[in-house]
Amino acid sequence: MRGLPWYAKLYLTAVIAVAFGLLGHGLAVGRFERVDWSTLLVLALLFLVCESVPTLLNVKQAAISVSFSAALAAVVLVGPPGAALVGMTAVFSVRPGLALTKRLFNGAQFTICGYAAGEVFVRLGGVAGVPEIENFEELILPFAGAAAVYVPLNFALIAVMLSLAAQVDRVPVRGMVQLLASYLGYATFGLLIAGLWATVQSISAVLVLLPLFVARWAFGQYLAQQRSYDATIAALCQAVETKDYYTRGHCTRVSLASTMIAEEIGMGPERLRAIRYAGMLHDVGKLGVPTKVLQKEGPLTEEEYAAIQLHPMRGLEIVRGIDFLDEAFAGIMHHHERHDGTGYPMGLAGDEIPEFARIIAVADAFDSMTSDRSYRGARPVPVAIEELRKAAGTQFDPVMVAAFVKAVERDGWEAPRKVPVPPGEEAETVVIKDHDDPTTPIQVVSER
Amino acid sequence: MIDSPRSWQGLDSGQLLLICAAGLVTVAGVAHTAAVGLHDASVAVGFGALIATGELARLTMPGNREVAPISTAAALGYTLLLDMGGRQAQHSALQVVAVLAVGMIAGALPHLAVGRPPRLDAMARRLLTGALLAFAFRPLAEPLYEMTSHSDQWTPVLGVMAAMILLALLCDIVVAALLRADQVRTAFPVAVRDELRMAAPLGAAVAASGLLLALAAHSMDMAALLVFAAPLLVTQVAFRKYAGIRATYLQTVRALARVTEVGGYVEPGHSRRVSRLSVAVGREMGLAEPELLELEYAALMHDIGQLSLRDPIPGGATVLTDPAQARRIAELGAEVIKQTGVLDRVAEIVRRQCDPVAEGPPLASRIIKVANGYDDLMGGSTDRDRAGAALERLRLAAGTEYDPAVVEAMARVVDRLAPLHRL
């Protein structure tokens, strides 16, 4: 309870009070007398098992569990008061480390949701109790109504709590849509449990749960692989960068900044993931540029400049075998195009430049300016932003610059730590001109 | 680990046998059904449609294994069906085969239309497993129906169903292992364990769903098909994501391992050749799939330490390189891989890739050492005389530098693969 603001405590108390009020009301009007207690017990056990192994989703604080199916089955099988009681067992879920306040809140909100869904089910003409085989079709409409009330109510109660406890600033709407879709699947599971109860009672619950747990397991494996993959791709990109001491961490930061811009302009999760990787991998082709060209002081010859210009293509060549969205490849290939058409490798201008490339270009230049370079120290973030603004319309897409400025002003930007003097052992101490730095453009002399 | 997509000519005798058997069963089923007519046409069409949908949504699991969970579950459900909302289901095993075959072909057609030819062997296996279960179970359907309708005894009926599904799935795994052992030259017991590991979770989900479908049809009639399809979709989505990230992972390591080549640190194609050779040798020596995956990652990245060197060794770290240098590259590479925080065992393999046999490096490290030495001497050539000379040279150092068992395994692999020009 400590650490919560007073209005959050008030809300918590209110939710618990309403839950007890509903149970008390049910008791007062004698609704518990018709409840089948053995069914209730089995359902409560089922609910508890589901609640104890929540599917962790990417939303940090909200652990969504499959208990939803059990709660909705309870609505059908034991009616509103029974569903409320089943929901209440969430207090006892086996989740080590879950604070008492969270347990109480979970129990209370599940109670309310169960009761409300049960009411809707009954109002829509559903009959609480084990459904007869012949009446299955008549079950579907009331059940859909109950599910339609349960989910939004559940969301609303939790979302209010989260925002009051200030644990999340914005509830991610896009993630919620995905969540709703998976809830639809879980709702059908609930219908299955209820519909099969007449034939095989609790065995139906086991059969229904098995695919569910397998799905959960597969999803857990997927998340683990995803994390492992992200770590691996970051480590490998770092390895490519070790050649140049000063650009250490560049790929991760460009990836982050690109994601910020992409989020700001409202990209979907699939594309967000793609641009995260594209940002990470945008410079792998630099390894194909001879070190002496990258490290050359003073103006480059046309030939050397051509070698530098080749690096986006080299990068593309390396990553082409990976199953990314095509946009990611386009982003890597064109990240040095300029808005006015004077960039490379193809000299595209304006809208011809793929969206990903326009984003990465801004992120790339920004990180280059705000990191230390051997020939200059890091620029402060406001100065770099000013530079971006100045170059918007000539080098950069003004839309992307504006989106990035907005994102940085809201979320801030953690510039890389001061680079200590390189230890010289494994790193290069030679002056390297950074081809990404817009304030010190590469000078090219034409050979005559 | 994943073999390149095989063409039609690439089918070996085991697969051909399987496909022929499936074809025969299909013909028998369809002919019989055409002759005696379709029992409960609407039920057959409903299940057939679900099978077709499942085939349409087939997915490829790690190791290039094609599965179609929804289709399989629907087939199980149709096979185990005792009654549809109280009406006894009287379809014969041959009708099950016919519905299964027609549904599968219908589901494969859209794939064919967009230029993705069906994996005939995978389809044949699914069909034969379904047929096997149908021939075993359908004769029992009548007595079992009596049990459920007269005395409402569901538990023993469920037991019979579960046991039969289990047997059918085990048969499927054995067939899959036989095919795989033949295809990628791995030992049969190892293949069985690999298949079992891959098939167990999805198999459990599919089996439960199939049972559920048969039960649900009893209480919900045709609505069962709809209600049931959505939940299995959740499972399928999770597996698809998992398979997707696994594939991307491998592709990414393969792709990024090439930076050493693009940077001019090693010969073009070196990492890829060493990794293929290592995996082939690892299989020959009976490594299971998880170990093979680690071996492949380590082999792909065995030269990545070069990136940390101030001055790359021209031509890469070959057998001719000073051992101290080579060791240093291995150490630096292991450092890079350790950074991932998840590939610790791979890092260990890379770190010990130069150790002589006496120091007891892990088997994977010994394999990479031999494969690396061989490729340094061969440089991607497929000339048989040169291969013989290279092997001779490795044999000279066997026992000190190289593990003799690995060298001999590699000699067998090279001997087998050389005519195919696949190295």
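Q: Two residues are in contact if their C-beta atoms, placed from the backbone, lie within 7 Å. With that in hand, which residues of helix 10 of chain B meet residues in helix 14 of chain B?

A: This is a predicted model, and the contact is read from it as two lists, one for each helix. From helix 10 of chain B come H270(B), R273(B), V274(B), L277(B), S278(B), V281(B) and G282(B), and they meet I367(B), I368(B), A371(B), N372(B), Y374(B) and D375(B) in helix 14 of chain B. Sorted by class, the residues of this contact are seven nonpolar, four polar and two charged.

Q: How is the packing of helix 10 of chain B and helix 14 of chain B described, and at roughly what angle do the axes cross?

A: Two packed helices are described by the angle between their axes and the distance between the axes. Here helix 10 (residues 270-284) and helix 14 (residues 363-378) of chain B have axes that come within 9 Å and cross at roughly 130 degrees. Angles over 145 degrees count as roughly antiparallel and those from 65 to 115 as roughly perpendicular, so helix 10 of chain B is oblique to helix 14 of chain B. The crossing of these two helices is right-handed.

Q: At what angle do helix 14 of chain B and helix 16 of chain B pack?

A: Helix 16 of chain B spans residues 404-417, and its axis lies 9 Å from that of helix 14 of chain B, with an angle of about 55 degrees between the two. Helix 14 and helix 16 of chain B are therefore oblique to each other, and their crossing is right-handed. On the side of helix 14 of chain B the contact is made by R366(B), I367(B), V370(B), A371(B) and Y374(B), while helix 16 of chain B brings V406(B), V407(B) and M410(B). By class, this contact has seven nonpolar residues, no polar residue and one charged residue.

Q: Into which domains is chain B divided, and how many residues of each are in contact?

A: A chain can be read first as a whole and then by its parts. Chain B has 16 helices and four strands, and its C-alpha atoms fill a box of roughly 85 × 40 × 40 Å along the principal axes. Of its 423 residues, 51% are buried. The division is into domain 1 (8-250) and domain 2 (258-420), whose C-alpha centres lie 42 Å apart. Eight residues of domain 1 of chain B are in contact with five residues of domain 2 of chain B, and on the domain 1 side the largest share, three residues, comes from helix 7 (residues 188-220) of chain B. That side of domain 1 of chain B divides into three nonpolar, two polar and three charged residues.

Q: How many residues does the contact take from chain A and from chain B?

A: An interface can be read by counting residues on each side and then asking which elements supply them. The contact takes 52 residues from chain A and 55 residues from chain B. Of the chain A side, the largest share, 25 residues, comes from helix 7 of chain A, and the class count for that side is 32 nonpolar, 15 polar and five charged.

Q: Is R271(A) buried, exposed or in between, and what does R271(A) touch?

A: Burial is read from a neighbour count, with 20 or more for buried and 12 or fewer for exposed. R271(A), in helix 9 (residues 269-281) of chain A, has 17 C-beta neighbours inside 10 Å and therefore counts as partly exposed. Leaving aside residues up to four places away in sequence, R271(A) touches A262(A), L325(A) and E327(A).

Definitions and conventions
Residues are numbered from 1 along each chain as its sequence is written. Chains are lettered from A and ligands numbered from 1 in the order in which they are written. This is a predicted model: local features need pLDDT of at least 70, side-chain atom pairs count only at pLDDT 80 or more; totals for chains, interfaces and linings use all residues. Axes are lines fitted to C-alpha atoms, for helices over the stretch in contact, and angles run from 0 to 180 degrees between N-to-C directions. Angles under 35 degrees count as roughly parallel, over 145 as roughly antiparallel, 65 to 115 as roughly perpendicular and the rest as oblique. A crossing is left-handed if the near helix is turned anticlockwise from the far one by less than a right angle, and right-handed if clockwise. Ala, Val, Leu, Ile, Met, Phe, Trp, Tyr, Cys and Pro count as nonpolar, Asp, Glu, Lys and Arg as charged, and the others, Gly among them, as polar. Domain bounds come from an automatic or database domain assignment.
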